[in-house]
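Let's take a walk through a protein model together. Have the viewer open and turn it as you read.

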Amino acid sequence: MGETKHQGPMKKAKMPAPEHWVSPIPFGLGKVKPKHIRDSMKIAWDNKDNLGYAKNIITKGVCDGCALGVSGLYDQTLSGPHICTTRLNVLRLNTMPAVEDEILNKDIDELREYSSTELRELGRVPYPMIRRKGERKFSRLSWDDAMDTIADKMKELDPKQYAFYLTSRGITNESYYVAAKVSRFLGANHIDNASRICHSPSKTAMKRSIGVGASTANYQDWIGTDVLMFWGSVASNSSPVSTKYMLEAKKKGTKIIVINPYREPSMDEYWIPSNPESALFGTKVADDFYQINIGGDIAFMHGIMKHWFDMEEEAAGSAINHEFVDEHVNGYEELKQQVTAQSWEEITESSGVSRERIIELSDLLARSKNAVFAWALGLTMHSFATDNISQVANLALLRGFLGRQYSGLMPFRGHSSVQGSGEMGADPFVLPGGDFKGDNIGRIENLWGFDVPKWQGDVVGVTLENILLPDDNERKVKMYYLSGGNFLETMPDPAFVEQALSELDVRVHQDIILNTSTLVDAKEAVIVLPAKTRYEQEDGGTSTSTERMVYFSPEIEGNKNKIEEARAEWKIYIDLAKRVKPETAHLVDFKDGYEVREEMAKANPNYDGVQHLKKQGDVFQWGGAWLCEGGVCPTPDGRGNLIPVEIPDLNRQPGDFYLTTRRGKQFNSMVYKTTDPINGAERDDVLMNETDAKDNRLTDGEAVVLYNRYGVFQGRVRIADMAPGNLSVHFPEGNFLLPKGRYEQFAKIPDYNVGVKVEKAEKFNARKDTEYLEKRVDDLEDTPGA
């Protein structure tokens, strides 16, 4: 595979482009839109006690927000400074003082009255704490006592009985790597991370289709491609700086197409605060929206391909890049047979998009020399997610949109540093540098100097379910070690999650703040350990962006609100190993961050180069500018694979709606505003199509109940530009409607989409004590077919 190097930041177009303006009225006055300037002033005020340190983080650190990859104020895509409100919102987590002792000394029930937002605003965890069975309050303890308590419990348990989990809140590659190594050293393969919950189907699909599990393209490839397509992604909301790239792309003639059930306002019109032209007049982002049914993506893509095969019947080469397919792709005839056998009726019914509209897009892609396909949770959080993403890969392979400039496949990641979690081995299915199987196990054992346990570890959802197994089951999880994360507000079925967390013997929360799950009981003890932020990590740390850029972030001095007892996350893991297995713990010891990076470069050969990153702004990109360069894939035969699949049967019943969850003004489960500034929706609003509301005799703002056999959600109708028959509620509020135990076939992530019934609140509440409801719920069949 050739390795063309990334050329570094491009210059922005100098000329304004009024054709892309939303309105000539400055600052979008009178429109529902984010108040970026007002928000920024408030954030400066919130950080007033530590402004110098806040400024150092913004100007010297990597971005704490999304996974675009910004170092200080600069990135590798466009020249000039970048800043966004997502990054500013999470800034306070790094600058705030410790929680006051008088709050930590409160009765546990008083603490439980705080929401997660309120707990976050109390400040940072100041020192190790414990709350034993029957105790009403947390009490302070020394690091030695805390770590000995954890280690003693681990020595008591079989390694199949404890699990590790790492979230995405700015955890460095070094911490992911050391956690992955220590968990295997202790004999435990139950290790999982937040990134895998979001994007593991991207990896499983891409590996079977093209042999790589990361973005094959760069953000620069957006700027000048013919078509940039976003599937189930609200890039402008999750990664606001990306809208700057979109504006530059539009100025170069790129068409931006969005496929999503909801016409997301921020993908329609956006005001980019760090671009004077856009800040004043706004930017019309998408050129076209295809409002698809939730779960209708496979049928939609089959429609695009079906039309291509029809075009080929008329004139060979009019839609398929035969030269590329013949040289680089397997499975053409099988895919053609599968897709052409499907009827347009099946395709339009499942997708919710008319034949004419699908053909319009199909023609556009057939005429385009280049395209970049980006996607996010709208494709990944389904029980058939891997199949969804394989079809995106099919489109790229049939047209040859791979391994070259202005083309490629891009799983669009939401959070800073998550790309590195699996690449460092913090995942039950992988070790650093490859899968948890075959030669890679032997290679890692040689490097590490100890045997890796050979049993298959479980994913986070399964380990939570395994807490409730009978006592004599060897996989009954009795201890959970969490580096950040809040399962109560991220996993389906929160009532079950709370029960599971409380049934653990010991739960460890290694974190910078308290959250609602920290306050749940445990049978023996809940232990809280104060972690350093990435900016406090000695010898700095690295983060990997969506486009495989590995950025160095130095240790940043000057924190007036320093937490004296906080420790670097990777160092806590090593301390744990030394206490559980002191005789051999030298095998996992590192004297400093540089030594960790030296070994990372050997453990994952893609990361060879990370050991040379030493100062602010140092960066390298693994794999070069484009993976699969020249169409050559790192598969056994060097070719890409077309994957034929069935259109999934969602088993919708008449009168059912299909529901998905969306983010508002939040960062993962951390909510920053109760009203979404993008569309004005409150946290309990149910986004519903106007015709659906009329058909169900519902009005805007009316109280409704959504229910199924898993749970009940009480909210209010908000008339919105949704695809008919589809609803959207906020995450995590809507998680009570989601089933536990329903996983994606290959990647084993939970399904965040479900069938529901809708009823006026007064009618539902009047009948809820009768048998009528019970019958209705039992009748509701919403499990998708395989």
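**Helices, a sheet and a few odd spots**

Helices α8 and α25 cross in a left-handed way; a crossing gets that name if the near helix is turned anticlockwise from the far one by less than a right angle, and it is right-handed if clockwise. Before going further, keep in mind that this is a predicted model, in which local features need pLDDT of at least 70, side-chain atom pairs count only at pLDDT 80 or more, and totals for chains, interfaces and linings use all residues. Residues are numbered from 1 along each chain as its sequence is written, and side-chain values use heavy atoms, with hydrogens and water left out.

As for the labels, helices (H or I, at least four residues) and strands (E, at least two) are DSSP runs, numbered from the N terminus.

Back to our pair. Two packed helices are described by the angle between their axes and the distance between the axes. For α8 (residues 173–185) and α25 (residues 569–580), the axes come within 8 Å and cross at roughly 15°. Here axes are lines fitted to C-alpha atoms, for helices over the stretch in contact, and angles run from 0 to 180 degrees between N-to-C directions. So α8 is roughly parallel to α25, a term for angles under 35 degrees (over 145 is roughly antiparallel, 65 to 115 roughly perpendicular, and the rest oblique).

Which residues of α8 and α25 make the contact? On the α8 side they are Glu174, Ser175, Val178, Ala179, Val182 and Phe185, and on the α25 side Glu569, Trp570, Tyr573, Ile574 and Ala577. Contact means heavy atoms within 4.5 Å. Sorted by class, the residues of this contact are 8 nonpolar, 1 polar and 2 charged. Nonpolar covers Ala, Val, Leu, Ile, Met, Phe, Trp, Tyr, Cys and Pro, charged covers Asp, Glu, Lys and Arg, and the others, Gly among them, are polar.

Helix α8 also leads us to a sheet: α8 lies across β20 and β21, running at about 95° to β20. Strands of a sheet pair through backbone hydrogen bonds, either parallel or antiparallel. This one is an open sheet of 3 strands in the order β20-β21-β22, with antiparallel pairing. Its edge strands are β20 (541–544) and β22, each pairing on one side only. From one strand to the next, the twist averages 20°. Two strands pair if DSSP finds at least two bridges between them, and 3 bridges join β21 (residues 549–553) to β22. Look for tyrosine 551, which stands opposite valine 619 in β22.

Now for another helix pair. The axes of α14 (residues 297–314) and α20 come within 9 Å and cross at roughly 20°, so α14 and α20 are roughly parallel to each other. Their crossing is left-handed. Among the residues that meet are Ile298, Met301 and Trp308 in α14, and Val392, Leu395 and Leu398 in α20. This contact has 9 nonpolar, 4 polar and 3 charged residues.

Last, some backbone curiosities. Tyrosine 406 has phi near 65°, a positive value in a residue other than glycine, and lies in the loop between α20 (385–399) and β14 (408–411). Is cysteine 628 buried or exposed? Cysteine 628, with phi near 55°, has 0% relative accessibility, so it counts as buried (under 20% relative accessible area, with exposed over 50% and partly exposed in between, using a 1.4 Å probe and protein chains only). Tyrosine 406, at 25%, counts as partly exposed. Finally, the peptide bond from phenylalanine 731 to proline 732 is cis, with omega near 10°.
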